[in-house]
Amino acid sequence: MNELEWNLRSDICEVARRLYVAGFMTGSDGNLSTILSDNEVLVTPSRLCKGFLKPSQIVKIDKQGNKLEGDLPPTVEVAMHLAAYQERPDICSVAHCHPPILVAFTVAGLDLPSCILPEIEVMFGGKLPLAPYATPGSPALADSIRKGIRNRENSAVLLDHHGLLAVGRDIYQAAIKVEHAEAAARVIYYARQLGGEKPLAADSLEKLHQTHRKIVELESSVYAGYCHSPECEENTPQPAPAKVDEFELERIVHEAVRKAMAESR
Ligand SMILES: [Zn+2]
(Lines give C-alpha, C1' and ligand atoms only; values in the text may rest on other atoms or scores of the structure.)
Protein backbone atom coordinates (compact mmCIF):
# COMPACT_ATOMS: atom_id res chain seq x y z
CA MET A 1 0.00 0.00 0.00
CA ASN A 2 1.45 3.38 -0.95
CA GLU A 3 1.60 6.41 1.32
CA LEU A 4 -1.36 8.13 -0.33
CA GLU A 5 -3.66 5.14 0.25
CA TRP A 6 -2.48 4.80 3.85
CA ASN A 7 -3.15 8.50 4.47
CA LEU A 8 -6.63 8.33 2.95
CA ARG A 9 -7.51 5.22 4.99
CA SER A 10 -6.19 6.88 8.16
CA ASP A 11 -8.16 10.08 7.44
CA ILE A 12 -11.39 8.06 7.06
CA CYS A 13 -10.74 6.37 10.43
CA GLU A 14 -9.95 9.69 12.15
CA VAL A 15 -13.05 11.44 10.78
CA ALA A 16 -15.23 8.42 11.59
CA ARG A 17 -13.94 8.51 15.17
CA ARG A 18 -14.74 12.22 15.50
CA LEU A 19 -18.25 11.83 14.06
CA TYR A 20 -18.90 8.83 16.33
CA VAL A 21 -17.77 10.79 19.41
CA ALA A 22 -20.00 13.70 18.33
CA GLY A 23 -22.98 11.32 18.38
CA PHE A 24 -23.63 11.48 14.62
CA MET A 25 -22.83 7.79 13.95
CA THR A 26 -24.40 5.89 16.83
CA GLY A 27 -23.79 2.15 17.08
CA SER A 28 -22.89 0.98 13.59
CA ASP A 29 -24.65 3.88 11.83
CA GLY A 30 -23.10 5.98 9.12
CA ASN A 31 -20.55 5.49 6.39
CA LEU A 32 -17.72 7.44 4.77
CA SER A 33 -15.88 7.19 1.47
CA THR A 34 -13.03 8.77 -0.48
CA ILE A 35 -11.94 8.36 -4.08
CA LEU A 36 -8.50 6.72 -4.28
CA SER A 37 -7.94 6.67 -8.06
CA ASP A 38 -9.87 6.72 -11.36
CA ASN A 39 -11.72 3.51 -10.57
CA GLU A 40 -10.99 2.88 -6.89
CA VAL A 41 -12.95 4.12 -3.89
CA LEU A 42 -12.20 3.53 -0.20
CA VAL A 43 -15.34 2.98 1.92
CA THR A 44 -16.09 2.10 5.52
CA PRO A 45 -17.10 -1.50 6.23
CA SER A 46 -20.65 -2.60 6.97
CA ARG A 47 -21.95 -3.14 10.50
CA LEU A 48 -18.82 -2.28 12.55
CA CYS A 49 -18.91 0.68 14.92
CA LYS A 50 -17.21 3.55 13.07
CA GLY A 51 -15.64 4.92 16.25
CA PHE A 52 -12.92 2.27 16.40
CA LEU A 53 -11.94 1.58 12.79
CA LYS A 54 -8.42 0.65 11.76
CA PRO A 55 -7.00 1.61 8.33
CA SER A 56 -6.76 -2.09 7.40
CA GLN A 57 -10.55 -2.44 7.88
CA ILE A 58 -11.37 0.11 5.18
CA VAL A 59 -12.70 -1.65 2.05
CA LYS A 60 -11.60 -0.88 -1.50
CA ILE A 61 -14.27 -1.04 -4.22
CA ASP A 62 -14.48 -0.02 -7.87
CA LYS A 63 -16.87 2.60 -9.19
CA GLN A 64 -19.34 -0.11 -10.17
CA GLY A 65 -19.55 -1.18 -6.51
CA ASN A 66 -17.51 -4.41 -6.79
CA LYS A 67 -15.19 -5.21 -3.88
CA LEU A 68 -11.50 -5.09 -4.86
CA GLU A 69 -9.80 -5.49 -1.48
CA GLY A 70 -10.70 -6.01 2.16
CA ASP A 71 -11.75 -8.76 4.56
CA LEU A 72 -15.03 -7.10 5.50
CA PRO A 73 -18.12 -6.32 3.41
CA PRO A 74 -18.42 -2.69 2.30
CA THR A 75 -21.15 -0.43 3.67
CA VAL A 76 -24.66 -1.24 2.40
CA GLU A 77 -24.88 2.38 1.21
CA VAL A 78 -22.21 1.95 -1.50
CA ALA A 79 -24.77 2.83 -4.21
CA MET A 80 -25.60 6.15 -2.52
CA HIS A 81 -21.91 7.12 -2.34
CA LEU A 82 -21.36 6.15 -5.98
CA ALA A 83 -24.48 8.13 -7.00
CA ALA A 84 -22.98 11.23 -5.35
CA TYR A 85 -19.69 10.75 -7.23
CA GLN A 86 -21.58 10.26 -10.50
CA GLU A 87 -23.49 13.50 -10.00
CA ARG A 88 -20.51 15.52 -8.74
CA PRO A 89 -17.22 15.01 -10.57
CA ASP A 90 -15.83 17.92 -8.51
CA ILE A 91 -15.93 16.03 -5.19
CA CYS A 92 -13.68 13.38 -3.71
CA SER A 93 -15.35 12.39 -0.42
CA VAL A 94 -18.80 11.58 0.96
CA ALA A 95 -19.97 11.44 4.57
CA HIS A 96 -23.31 9.92 5.55
CA CYS A 97 -24.42 10.22 9.19
CA HIS A 98 -27.53 10.28 11.36
CA PRO A 99 -27.19 13.59 13.29
CA PRO A 100 -30.07 13.36 15.77
CA ILE A 101 -31.49 16.89 15.70
CA LEU A 102 -31.43 17.11 11.90
CA VAL A 103 -33.15 13.73 11.73
CA ALA A 104 -35.68 14.92 14.33
CA PHE A 105 -36.62 17.85 12.07
CA THR A 106 -37.34 15.46 9.17
CA VAL A 107 -39.23 13.03 11.43
CA ALA A 108 -41.40 15.91 12.64
CA GLY A 109 -41.99 16.97 9.02
CA LEU A 110 -40.30 20.33 9.63
CA ASP A 111 -37.97 22.16 7.26
CA LEU A 112 -34.80 23.66 8.61
CA PRO A 113 -35.82 27.32 8.27
CA SER A 114 -33.74 29.70 6.15
CA CYS A 115 -32.99 33.39 6.92
CA ILE A 116 -32.36 32.56 10.60
CA LEU A 117 -28.74 31.60 11.05
CA PRO A 118 -25.82 33.20 9.19
CA GLU A 119 -24.02 29.84 9.18
CA ILE A 120 -26.82 28.19 7.17
CA GLU A 121 -26.83 31.03 4.66
CA VAL A 122 -23.03 31.06 4.34
CA MET A 123 -22.35 27.32 4.36
CA PHE A 124 -25.44 26.06 2.53
CA GLY A 125 -26.86 29.07 0.69
CA GLY A 126 -29.83 29.16 3.07
CA LYS A 127 -31.20 25.69 2.51
CA LEU A 128 -30.58 21.98 2.80
CA PRO A 129 -32.52 20.08 0.14
CA LEU A 130 -34.61 17.16 1.42
CA ALA A 131 -34.50 13.80 -0.39
CA PRO A 132 -37.76 11.83 -0.11
CA TYR A 133 -37.78 8.81 2.21
CA ALA A 134 -36.41 5.57 0.75
CA THR A 135 -35.42 2.33 2.46
CA PRO A 136 -31.85 2.50 3.80
CA GLY A 137 -29.48 0.48 1.62
CA SER A 138 -31.87 0.42 -1.36
CA PRO A 139 -31.23 1.62 -4.95
CA ALA A 140 -34.15 4.01 -4.37
CA LEU A 141 -32.18 5.73 -1.58
CA ALA A 142 -29.19 6.11 -3.89
CA ASP A 143 -31.42 7.73 -6.54
CA SER A 144 -33.16 9.95 -3.98
CA ILE A 145 -30.07 12.10 -3.39
CA ARG A 146 -29.23 12.74 -7.05
CA LYS A 147 -31.45 15.76 -7.64
CA GLY A 148 -30.32 17.61 -4.51
CA ILE A 149 -26.59 16.92 -4.73
CA ARG A 150 -26.39 17.58 -8.48
CA ASN A 151 -26.62 21.32 -7.86
CA ARG A 152 -23.10 22.49 -6.97
CA GLU A 153 -24.53 25.10 -4.61
CA ASN A 154 -25.55 22.16 -2.41
CA SER A 155 -22.90 20.41 -0.37
CA ALA A 156 -25.36 18.41 1.76
CA VAL A 157 -28.74 16.73 1.38
CA LEU A 158 -31.12 15.75 4.18
CA LEU A 159 -32.58 12.24 3.92
CA ASP A 160 -36.16 12.13 5.13
CA HIS A 161 -36.59 10.08 8.36
CA HIS A 162 -32.98 8.99 8.08
CA GLY A 163 -29.96 11.33 8.09
CA LEU A 164 -27.67 13.58 6.12
CA LEU A 165 -25.32 13.11 3.17
CA ALA A 166 -22.51 15.67 2.81
CA VAL A 167 -19.79 15.96 0.17
CA GLY A 168 -16.39 17.62 -0.08
CA ARG A 169 -12.99 17.65 -1.72
CA ASP A 170 -11.71 15.52 1.13
CA ILE A 171 -13.29 13.65 4.02
CA TYR A 172 -12.54 16.47 6.49
CA GLN A 173 -14.44 18.94 4.32
CA ALA A 174 -17.45 16.60 4.07
CA ALA A 175 -17.42 16.14 7.87
CA ILE A 176 -17.34 19.91 8.46
CA LYS A 177 -20.62 20.18 6.54
CA VAL A 178 -22.20 17.57 8.81
CA GLU A 179 -21.06 19.48 11.92
CA HIS A 180 -22.32 22.86 10.67
CA ALA A 181 -25.72 21.48 9.64
CA GLU A 182 -26.32 19.71 12.95
CA ALA A 183 -25.12 22.74 14.96
CA ALA A 184 -27.62 24.96 13.12
CA ALA A 185 -30.44 22.49 13.76
CA ARG A 186 -29.52 22.44 17.45
CA VAL A 187 -29.63 26.25 17.75
CA ILE A 188 -33.02 26.41 16.03
CA TYR A 189 -34.32 23.63 18.27
CA TYR A 190 -33.15 25.56 21.37
CA ALA A 191 -34.60 28.83 20.03
CA ARG A 192 -37.99 27.14 19.72
CA GLN A 193 -37.84 26.14 23.40
CA LEU A 194 -37.26 29.84 24.13
CA GLY A 195 -40.26 31.08 22.16
CA GLY A 196 -39.26 30.75 18.51
CA GLU A 197 -36.74 32.08 16.04
CA LYS A 198 -36.48 35.65 14.81
CA PRO A 199 -35.44 36.13 11.16
CA LEU A 200 -32.26 37.91 10.12
CA ALA A 201 -32.64 41.36 8.61
CA ALA A 202 -33.34 41.03 4.88
CA ASP A 203 -30.45 43.29 3.87
CA SER A 204 -27.97 40.97 5.65
CA LEU A 205 -28.97 38.01 3.52
CA GLU A 206 -27.55 39.12 0.19
CA LYS A 207 -24.14 39.70 1.79
CA LEU A 208 -24.24 36.24 3.35
CA HIS A 209 -25.19 34.69 0.02
CA GLN A 210 -22.31 36.51 -1.67
CA THR A 211 -20.00 34.88 0.90
CA HIS A 212 -21.65 31.52 0.18
CA ARG A 213 -20.88 31.85 -3.52
CA LYS A 214 -17.28 32.76 -2.66
CA ILE A 215 -17.01 29.69 -0.44
CA VAL A 216 -18.35 27.41 -3.18
CA GLU A 217 -15.50 28.73 -5.36
CA LEU A 218 -12.88 28.62 -2.62
CA GLU A 219 -13.71 25.08 -1.59
CA SER A 220 -12.42 23.82 -4.88
CA SER A 221 -8.97 24.84 -3.64
CA VAL A 222 -9.30 23.90 0.04
CA TYR A 223 -8.29 20.33 0.56
CA ALA A 224 -5.43 18.23 1.74
CA GLY A 225 -3.78 18.15 -1.68
CA TYR A 226 -4.65 14.65 -2.79
CA CYS A 227 -8.13 15.02 -4.19
CA HIS A 228 -8.68 12.47 -6.97
CA SER A 229 -12.09 13.53 -8.25
CA PRO A 230 -12.21 13.33 -12.07
CA GLU A 231 -12.62 17.09 -12.36
CA CYS A 232 -9.73 17.78 -10.04
CA GLU A 233 -7.47 15.40 -11.95
CA GLU A 234 -8.44 17.16 -15.16
CA ASN A 235 -7.80 20.68 -13.92
CA THR A 236 -5.11 20.40 -11.29
CA PRO A 237 -1.65 18.90 -11.43
CA GLN A 238 -1.14 16.35 -8.63
CA PRO A 239 -0.28 16.75 -5.84
CA ALA A 240 -2.18 20.02 -5.78
CA PRO A 241 -1.02 22.66 -3.36
CA ALA A 242 -3.77 23.95 -1.10
CA LYS A 243 -4.27 27.55 -2.23
CA VAL A 244 -6.41 28.42 0.77
CA ASP A 245 -6.21 26.44 3.95
CA GLU A 246 -9.13 25.49 6.17
CA PHE A 247 -8.24 28.19 8.72
CA GLU A 248 -8.66 30.82 6.01
CA LEU A 249 -12.05 29.37 5.08
CA GLU A 250 -13.12 29.41 8.74
CA ARG A 251 -11.93 33.01 9.01
CA ILE A 252 -14.07 34.03 6.00
CA VAL A 253 -17.13 32.29 7.47
CA HIS A 254 -16.65 33.86 10.90
CA GLU A 255 -16.11 37.32 9.44
CA ALA A 256 -19.33 37.08 7.40
CA VAL A 257 -21.28 35.84 10.42
CA ARG A 258 -19.84 38.59 12.65
CA LYS A 259 -20.80 41.30 10.14
CA ALA A 260 -24.31 39.94 9.73
CA MET A 261 -24.83 39.80 13.48
CA ALA A 262 -23.54 43.38 13.93
CA GLU A 263 -25.82 44.66 11.16
CA SER A 264 -28.92 42.94 12.51
CA ARG A 265 -28.52 44.50 15.98
ZN1 LIG B 1 -28.02 5.85 7.14
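I take a strand to be a DSSP run of E of at least two residues, numbered from the N terminus. On that basis I place Val167 in strand 8. The model I am reading is predicted.

**Entry: overall content**

I looked up the secondary structure of the chain and found 10 helices and 8 strands. Of its 265 residues, 42% count as buried. I then turned to contacts between residues at least 6 apart in sequence: 68% of these join residues at least 24 apart.

**Entry: the sheet**

I traced the strand order next. The 8 strands form an open sheet in the order 4-3-2-1-5-8-7-6, and the pairing is mixed. Strand 4 (67-69) and strand 6 are the edge strands, each pairing on one side only.

At the strand 4 edge, I noted that strand 3 (residues 59-61) and strand 4 run antiparallel, joined by 2 bridges. Here Ile61 stands opposite Lys67.

At the other edge, strand 6 (residues 130-131) pairs with strand 7 in the parallel sense over 2 bridges. Ala131 is the residue I found opposite Leu159 of strand 7.

**Entry: strands 7 and 8**

I followed strand 7 to its other partner. Strand 8 (residues 163-168) runs antiparallel to strand 7, and 4 bridges join the two. Leu158 faces Leu164 across this pair, standing opposite that residue in strand 8. The two strands form a hairpin with 3 residues between them. In the turn, I recorded a positive phi of about 55 degrees for His161.

Which way do the residues of strand 7 (residues 156-159) point, and are they buried or exposed? Ala156 and Leu158 point one way, Val157 and Leu159 the other, and all are buried. In a regular strand, side chains alternate between the two faces of the sheet.

**Entry: Val167**

Why does Val167 count as buried? I counted 27 C-beta neighbours inside 10 Å of Val167, and the cut-off for burial is 20 or more, so the residue qualifies.

Leaving out residues up to four places away in sequence, I listed what Val167 touches: Ala84, Arg88, Ile91, Ser93, Val94, Ile149, Ser155 and Ala174. I checked one of these partners by distance. Ile149 is 18 residues from Val167 in sequence, and their C-alpha atoms are 8.4 Å apart.

**Entry: the nonpolar core**

I asked which members of the largest nonpolar core touch the most others. They are Ala84, Leu164 and Leu165, in a core of 62 residues. Helix 7 (residues 171-193) gives the most to this core, contributing 8 residues.

I then looked up Ala84 itself. Apart from neighbours within four places in sequence, Ala84 is in contact with Ile91, Val94, Ile145, Ile149, Leu165 and Val167. The contact with Val167 leads back to strand 8, where that residue lies.

**Entry: helix 8**

I compared the length of helix 8 (residues 202-218) with its expected span. Its 17 residues, at 1.5 Å a residue, should span 24 Å; the end C-alpha atoms are 25 Å apart, which agrees.

Where do the buried residues of helix 8 fall when it is seen down its axis? Ser204, Leu208, Thr211 and His212 are the buried ones. They fall within an arc of 110 degrees, so they line one face of the helix. On the other side I found Ala202, Asp203, Glu206, Gln210, Arg213 and Glu217 exposed.

Key
Residues are numbered from 1 along each chain as its sequence is written. This is a predicted model: local features need pLDDT of at least 70, side-chain atom pairs count only at pLDDT 80 or more; totals for chains, interfaces and linings use all residues. A nonpolar core is a set of buried Ala, Val, Leu, Ile, Met, Phe, Trp, Tyr and Cys residues joined through C-beta atoms within 7 Å. A residue is buried if 20 or more other C-beta atoms lie within 10 Å of its own, exposed if 12 or fewer, and partly exposed in between; C-beta atoms are placed from the backbone. Helices (H or I, at least four residues) and strands (E, at least two) are DSSP runs, numbered from the N terminus. Two residues are in contact if their C-beta atoms, placed from the backbone, lie within 7 Å. Two strands pair if DSSP finds at least two bridges between them. The expected span of a helix is 1.5 Å times one less than its number of residues. The arc is that of the directions from the helix axis to the C-beta atoms.
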